[in-house]
Amino acid sequence: MNVRLYILQRASAALMAPLVLIHIAVIFYATHKSLSAADILARTRGSVAWGLFYGVFVAAIAVHASIGLRTILTEWAGLRGVSRDVASWGIGLGLFLLGLRAVAAVVLP
């Protein structure tokens, strides 16, 4: 694998690790407080902080997943070169756009 992609995947994993822990802590908090979906949305609507948090989370996941998928496409599907790269980065872009759409649905008023 390309050294830059290796470093980028490890960096995205290092970024995701604390974000996942925070996300799980928020889930435990919400369930412990018996918050409904409406309660959660009332707290997240218009919040720049939550928007940035989950926006960074989505970006890290999209980068990490597309690099991992690139390896899978090489090893399992036998794709090489441009077709493999277009497929992996295309799916990564799709994940990024869908993730941002989800963040917008939770954060935007």
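**Helix packing and the nonpolar core**

Apart from neighbours within four places in sequence, Leu19 is in contact (heavy atoms within 4.5 Å) with Phe53, Val56 and Phe57. The structure is a predicted model, in which local features need pLDDT of at least 70 and side-chain atom pairs count only at pLDDT 80 or more, while totals for chains, interfaces and linings use all residues. Residues are numbered from 1 along each chain as its sequence is written, and side-chain values use heavy atoms, with hydrogens and water left out.

Leu19 also belongs to the largest nonpolar core, whose 5 residues are Met16, Leu19, Phe53, Phe57 and Ala60. A nonpolar core is a set of buried Ala, Val, Leu, Ile, Met, Phe, Trp, Tyr and Cys residues joined through side-chain atoms within 4.5 Å. Buried means under 20% relative accessible area, exposed means over 50%, and partly exposed lies in between, with a 1.4 Å probe and protein chains only. Two elements, helix 1 (3–32) and helix 3 (48–75), each give two or more residues to this core. Helix 3 gives the most, with 3 residues. Helices are DSSP runs (H or I, at least four residues), as are strands (E, at least two), and they are numbered from the N terminus. In soluble globular proteins, nonpolar side chains tend to be buried together.

Helix 1 has 30 residues and should span 44 Å at 1.5 Å a residue; the end C-alpha atoms are 43 Å apart, which agrees. The expected span is 1.5 Å times one less than the number of residues in the helix. A kink of about 25 degrees lies at Met16 in helix 1, shortly before the proline Pro18. The bend at a residue is the angle between axes fitted to the seven residues ending there and the seven starting there. At the N-terminal end, helix 1 is capped by Asn2, with a side-chain oxygen 2.7 Å from the backbone nitrogen of Arg4.

The buried residues of helix 1 are Leu5, Gln9, Ser12, Met16, Leu19 and Ala30. Their cover includes helix 2 (37–44), helix 3 and helix 4 (81–107). Gln9 counts as buried because its relative accessible area is 10%. Although Gln9 and His64 are 55 residues apart in sequence, their C-alpha atoms are 5.2 Å apart in space.

For helix 3, the 28 residues should span 40 Å at 1.5 Å a residue, and the end C-alpha atoms are 41 Å apart, which agrees. Among the buried residues of helix 3 are the core members Phe53, Phe57 and Ala60, and others include Gly51, Ser66 and Arg70. Helix 1 and helix 4 are included in what covers the buried residues of helix 3.

Aromatic rings form 5 pairs in the structure. Rings of Phe, Tyr and Trp (its six-membered ring) pair if their centres lie within 6.5 Å; planes under 30 degrees apart count as stacked, over 60 as edge-to-face and the rest as tilted. One aromatic cluster is formed by Trp50, Phe53, Tyr54 and Phe57.

In helix 2 lies Thr44, which counts as buried because its relative accessibility is 9%. Leaving aside neighbours within four places in sequence, Thr44 is in contact with Trp50, Val106 and Val107. Gly46 is placed in the loop between helix 2 and helix 3. With the same neighbours left aside, within four places in sequence, Gly46 is in contact with Val107 and Pro109. The C-alpha atoms of Gly46 and Ala13 are separated by 28 Å, with these positions 33 residues apart along the chain counted as their distance apart.

The loop between helix 1 and helix 2 holds Ser34. Just after helix 1, this residue takes a positive phi of about 55 degrees, in a residue other than glycine. Ser34 is exposed because its relative accessible area is 61%. Ser34 and Leu73 are 39 residues apart in sequence, and their C-alpha atoms are 42 Å apart in space.

Methods
A polar contact is a pair of N or O atoms within 3.5 Å; within protein, one must be able to donate a hydrogen and the other to accept it, and residues adjacent in sequence count only if both atoms are side-chain atoms.
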